[in-house]
Amino acid sequence: MHPVVAEVTARVVERSAATRGAYLERTEAAHREGPVRRGLACSNLAHGFAAMDGVDRAALREARAPGVAIVSSYNDLLSAHQPMQEYPAWLKKSVREAGGVAQFAGGVPAMCDGITQGRPGMELSLFSREVIAMATAIALSHDLFDAALLLGVCDKIVPGLLAGALSFGHLPAILVPAGPMNSGLPNKEKARVRQLYAEGLATREDLLDAEAASYHSAGTCTFYGTANSNQMVVEVMGLHLPGASFVQPNSPLRRALTEEAGRRVVSLSRGGSYTPISRVLDEKALINGVIALLATGGSTNHTMHLVSIAAAAGIQMSWDDFSDLSAVVPLLARVYPNGSADINHFHAAGGIQFLVGTLLDAGLLHEDVHTVAGFGLRRYTREPILTEGELEWRDGPAHSLDEDVLRPAERPFAPDGGLRMVSGNLGRAVTKVSAVAPEHRVVQAPARVFTSQEGFTAAFEAGELDRDVVVVVRRQGPQANGMPELHGLTPALGVLMDRGHQVALLTDGRMSGASGKVPAAIQLTPEAAVGGPIGRVADGDVIRLDARAGTLDVLVGDEELARRDLVDAPPSEASWTGTGRELFGALRRAVGPADQGASVFGALTPELDLLRGVRGPLGRPVLETAAEATSETVLETQEVGQ
């Protein structure tokens, strides 16, 4: 085991001892109690099988067969989730064949970030993760189940399903994916047309043709964004069947893998094979997930999602853990936006099976972990195939089949991972360097400050940004407006870079997992809404982003910066309305900072207690420390903002 991986793992275990211990005690107590349905009152139990018939009804009535909950995020709005329409019927059949009874316990919402980009609905996207977690818990709360099958793929859906299932940590659970659509218009060509459109050199019809040729069928989008990062991370954490992530929908192998998940989860619920999700998702598994993310240049969103998932399992992860691991984990994959290949090319080059093998051989992954396939991560070096219609696993490729896409650990694309942390007098942020050219990793330029994507777009179209510039988009954090993705900024910023300017983005918001070549310091914490220094940055201030050194500073004296008034107050409760946003006000008030997962769940740290203990007249939290604003300053600023 690499010494840094071992040290970070030990640090996480030690830090989490109390919270993880309490979590395991709770889940073990639930397991000792056994299936609750056996002791349910007759009226309660009868409600549970009222709609069933035949052998399933008899098995549930007598409580003699394992009960399996199906929790699905199916809808036919998301291309990635449309294939799951038929999964419940397939799963019920395979569970029955294995001696269990499956019931569709509940559906969870699944929104498409691709549709809501740049729209008010995007402000609900991150909060939907918490809604999904709660909906999963509701589905599993009926005290009828011995195991769960979780159907989901995209951005917030998988982290939400996991967080919900971890509240029932005594239950075995398998994540069931749907796979990527087949390759369409190359992602690089799509990006080129987007930039032409931003410059006014392509028509809307040209742009729509390109987008429709790229997003053209059922399945996950083929770029390596958050959805496909989900699949990568979940499989390496041992929660998919080996090789399940990137098999395309509507293929015989996809159906066989889906049906096998039903049979396997029944096995995991019984006797000596009993393997609850709390046993699978431990500190080592989470470290494995982080390493897989870093080795492939995956989505920045997972710097929040993995922290949030860990907390649901009683494990305390921090951005320091990501940063220390990133320094020693080599970059082994080039998948768009980190290269020209798409996720299907990655899979064909050897995919997760080769990646796991080379990382294990390099001592960069924990092999001694529980998985839904059995003990030991080496099982995930084997790939599924159909032999005369029967599902089997064989050894995956020992060598990459395309080293332009996927490389062994001894010949990486870069010696360190694709994500880095930067910090300085503005706070702490995440930057993704895997797609940024080395010559663009240090940017020093005057700031231009905005509070919305629309303001930036207007300035770009007016020619006001045709120079070296650090674009600052503040008031985009979780407590301001739900932390929407700002992916719509990318084409215009790319145009400015291609004109030869030094360009960077600084924001307390998020970028899409698909964001590429533009250097960006994102998810800045503390955010402007709680008095973070970004709220004091003014047009013309020189900002230096140095991804090599890991620094982020505004080149203004600390005393001068502290004397400045905070400006641009977050939306009031009365104005944050429309598109359902008013229904999410409670989550906006409760959400924590980005570096703690931007979650509304979990035990609060003393620092977060302080942050949330001081509130302005709008119910907005403010900071009350010497380094930040006084509560009086923030209150005054908020009143002016109204």
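Helix 4 (54-62) and strand 2 are among the elements that cover the buried residues of helix 3. Those buried residues are Leu45, Gly48 and Phe49, within a helix that spans residues 42-49. Seen down the axis of helix 3, they fall within an arc of 85°, so they line one face of the helix. The model is predicted. The points below cover strand 1 and its partners, then helix 14, then Leu506.

**Strand 1 and its neighbours**

- Strand 1 runs over residues 67-72, and 6 of its 6 residues are buried, so the strand is largely enclosed by the rest of the structure.
- In a regular strand, side chains alternate between the two faces of the sheet.
- Both faces of strand 1 are covered. Gly67, Ala69 and Val71 are buried on one side. Val68, Ile70 and Ser72 are buried on the other.
- Strand 1 runs parallel to strand 2 (residues 101-107), and 6 bridges join the two.
- Within that pairing, Val68 has Ala102 of strand 2 as its bridge partner.
- The chain gets from strand 1 to strand 2 by way of helix 5 (residues 87-97), and this β-α-β crossover is right-handed.
- Strand 1 also pairs with strand 3 (residues 147-151): the two run parallel, joined by 5 bridges.
- Here Ser72 has Leu151 of strand 3 as its bridge partner.

**Helix 14**

- Helix 14 covers residues 283-296, and 13 of its 14 residues are buried, so it is largely enclosed by the rest of the structure.
- Its length fits expectation: at 1.5 Å a residue, the 14 residues should span 20 Å, and the end C-alpha atoms are 20 Å apart, which agrees.
- At the start of the helix, a side-chain oxygen of Asp282 comes within 3.2 Å of the backbone nitrogen of Lys284.
- Just after the helix, Gly297 has a positive phi of about 65°.

**Leu506**

- Leu506 sits in strand 13 (residues 503-507).
- Its relative accessible area is 1%; the residue counts as buried because this value is under the 20% cut-off.
- Leaving aside residues up to four places away in sequence, Leu506 touches Leu426, Val470, Val471, Val472, Val473, Ala521, Leu524, Ile534, Ile543 and Leu552.
- Pro172 lies 334 residues from Leu506 along the chain, and the C-alpha atoms of the two are separated by 42 Å.

Note on methods:
Residues numbered from 1 in each chain as written. Predicted model: local features only at pLDDT ≥ 70, side-chain atom pairs only at ≥ 80, totals over all residues. Heavy atoms only, no water. Helix = DSSP H or I, 4+ residues; strand = E, 2+ residues; numbered from the N terminus. Expected span 1.5 Å × (residues − 1). Buried < 20%, exposed > 50% of the residue type's maximum accessible area, 1.4 Å probe, protein only. Polar contact = N/O pair within 3.5 Å; in protein donor to acceptor, adjacent residues only side chain to side chain. Pairing = 2+ DSSP bridges. Right-handed = clockwise from strand over helix to strand, strands pointing away. Arc of directions from axis to C-beta. Contact = heavy atoms within 4.5 Å.
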